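Trainee: Could you take me through one part of this model closely, and then follow the chain a little way beyond it? I would rather have one connected account than a list of features.

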Amino acid sequence: MVSRVIPVQSFDLVLFGATGDLARRKILPSLYHRFQLGQFCDSSRIIGASRSDMDVASFRNLVADAVRQFGQKDEVNEEDIAAFVAQLDYVAIDAKGDRGWQDLTKHMRQDVVRAFYLSVAPSLFGDIVTRLRSTGIATDDSRIVVEKPFGHDLASAQALNQALRANFEESQIYRIDHYLGKETVQNLMALRFANSLFEPLWNSSHIDHVQITVAESIGVEGRGEYYDRSGAMRDMVQNHLMQLLCLTAMEPPGNFTPDAVRNEKVKVIEALEPVKNVDIARGQYRSKNGNGSYTDHAGNPDSQTESYIAMKVQVANWRWAGTPFYLRTGKCLRERTSEIAVFFRDPPHNIFQGSDPAKGNVLVIRLQPDEGITLHTTIKDPGPGGMRLTEAALDMTFADSLPEAERPQDAYERLIMDVIRGNQTLFMRGDEVEAAWAWADPIISGWAESRYAPSQYDIGTSGPEDALLLLHRDGRRWRSIGK
């Protein structure tokens with residue numbers, strides 16, 4: 001195993017819900033990859049904790065199988081797997097009872113970073129953090145990591161934050177949103193604040209509008225019961241898309257420190273105008289060619305929950321007045337893709353007589369599946385025949401530009417290592433979560449009170465017709481999904 005990175009300091013990471021789906025698919029394979037690249041020191045340990053009765057050997061076998069199944073295929077190495085699982089331990093524990101807590105106490109070491117990852121249902125957060133404190137397992141410099149959803153509405157988010165803050169300081173709490181760990185999301189900040197090219201143009205004087213898209217090709221099969229209580233607004237817009245909006249619209253922070261960055265993100269959320277029903281398009285996918293509909297997958301034939309949502313959002317401040325942000329996300333769409341597209345204004349005057357006027361440049365930040373940045377520019381069409389204009393793309397695909405071995409393979413890798421380093425920059429702060437819910441709640445209650453039912457759209461399309469009209473009436477068009 002070749003070390004390519006500087007190891008973090010020694011740690012004990014306790015993973016609650018260690019036998020669950022998220023742990024097996026994402027968290028443990030991500031930890032394996034960071035171990036494989038040499039980021040763990042020899043004394044670091046991962047302690048699995050769940051209610052499942054198993055011994056350490058059984059847990060190690062479970063983790064090894066998870067790495068083989070969900071790890072990057074070209075990086076799965078049996079020798080590395082054996083070395084990785086040797087640093088694992090396990091405690092069977094009852095989050096709501098007394099079983100296992102004394103055993104966990106005996107496993108914890110002094111003079112190392114103590115981090116606790118709660119990959120469990122939010123209903124268990126309060127019980128676990130209270131017992132971590134009451135048993136003395138958590139110290140004043142321990143770190144606690146919690147997964148979304150961070151509440152179901154403002155009231156539940158406030159209650160969750162209160163439970164966390166009753167046992168930990170805000171500086172110890174890491175609310176993880178894996179979108180913020182994506183290489184391209186962080187490159188958005190580098191693009192804006194480490195280059196003098198774009199930031200002077202990053203305002204309503206030069207930018208016509210912004211489109212933020214998170215499209216998924218799969219449906220809600222397997223999680224229909226949860227999703228039907230949530231919907232696209234709660235599941236994606238209030239957190240993932242909100243974070244992308246904040247990073248796109250925020251003012252330059254004074255420095256790249258956690259609170260400086262998060263202060264500016266909160267200001268964006270607080271500047272968001274209320275969204276009217278007329279500026280929202282909601283959809284629900286329907287069966288096509290024998291594929292099940294949303295209501296089939298949700299197990300609720302009368303469901304009014306949206307699997308697709310698009311909306312026009314206005315940021316009411318000096319920088320963005322008059323420049324709308326269009327957000328859209330949905331299930332069972334044509335392709336899986338996530339991107340931020342910044343549409344610059346058209347040139348004010350066409351000097352090339354006889355040619356079509358040049359269109360504004362478009363900067364596309366691709367988050368998935370192929371991370372990268374593309375700037376669409378206007379150039380002369382090569383060849384004789386006069387001045388004819390055409391479009392060319394300046395493309396930087398990260399897979400082609402950066403050494404594969406040096407890049408984290410999954411957003412969880414960077415975020416978990418940031419927990420160990422004590423860096424909260426890419427994690428949501430409590431007031432940020434509450435501000436997002438304070439904006440989202442009236443939107444959700446607005447269509448509930450008006451009985452605003454979602455429109456139907458076919459599986460494999462770009463969404464409902466209502467979403468197209470949302471832009472058409474402003475004289476704009478969505479970028480094609482998958483192009």
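Mentor: Two strands are taken to pair if DSSP finds at least two bridges between them, and with that in mind we can begin at one margin of the sheet in this predicted model. Strand β5, residues 143–147, pairs with β6 in the parallel sense over 4 bridges, and within β6 the residue that serves as bridge partner of E147 is I176.

That pair belongs to an open sheet of 6 strands, whose order is β3-β2-β1-β4-β5-β6 and whose pairing is parallel. Its edges are formed by β3 (88–92) and β6 (173–176), each of which pairs on one side only, and, with direction ignored, neighbouring strands are turned by 20° against each other on average. Strands of a sheet pair through backbone hydrogen bonds, in either a parallel or an antiparallel arrangement.

Turning to the helices that lie across these strands, α1 (residues 21–36) crosses β1 (11–16), β2 (45–50), β4 (113–118) and β5, and runs at about 170° to β1. Helix α2, made of residues 56–70, lies across β2 and β3 instead, and its angle to β3 is about 120°.

Further along the chain, helix α9 spans residues 258–271; its 14 residues reach 20 Å from the first C-alpha to the last, which is close to the 20 Å expected at 1.5 Å a residue. Its buried residues are A260, V261, R262, E264, K265, V266, V268, I269 and A271, and they pack against α7 (183–193), α8 (224–249) and α13 (430–449). An α-helix has 3.6 residues a turn, so residues three or four places apart point the same way.

One charged-residue entry in that list deserves a closer look: E264, with a relative accessible area of 11%, counts as buried because the cut-off is under 20%. Leaving aside neighbours within four places in sequence, E264 is in contact with M250, E251, P252 and P253.

The loop between α9 and β8 (280–286) holds D279, and here the same reasoning applies, since a relative accessibility of 18% is also under the 20% cut-off and D279 therefore counts as buried. The side chain of D279 is joined to that of R473 by a polar contact of 2.6 Å, and, again leaving aside neighbours within four places in sequence, D279 is in contact with A310, M311, K312, L470 and R473.

Technical notes:
Residues are numbered from 1 along each chain as its sequence is written. This is a predicted model: local features need pLDDT of at least 70, side-chain atom pairs count only at pLDDT 80 or more; totals for chains, interfaces and linings use all residues. Side-chain values use heavy atoms; hydrogens and water are left out. Helices (H or I, at least four residues) and strands (E, at least two) are DSSP runs, numbered from the N terminus. The expected span of a helix is 1.5 Å times one less than its number of residues. Buried means under 20% relative accessible area, exposed over 50%, partly exposed in between (1.4 Å probe, protein chains only). Contact means heavy atoms within 4.5 Å. Axes are lines fitted to C-alpha atoms, for helices over the stretch in contact, and angles run from 0 to 180 degrees between N-to-C directions. A polar contact is a pair of N or O atoms within 3.5 Å; within protein, one must be able to donate a hydrogen and the other to accept it, and residues adjacent in sequence count only if both atoms are side-chain atoms.
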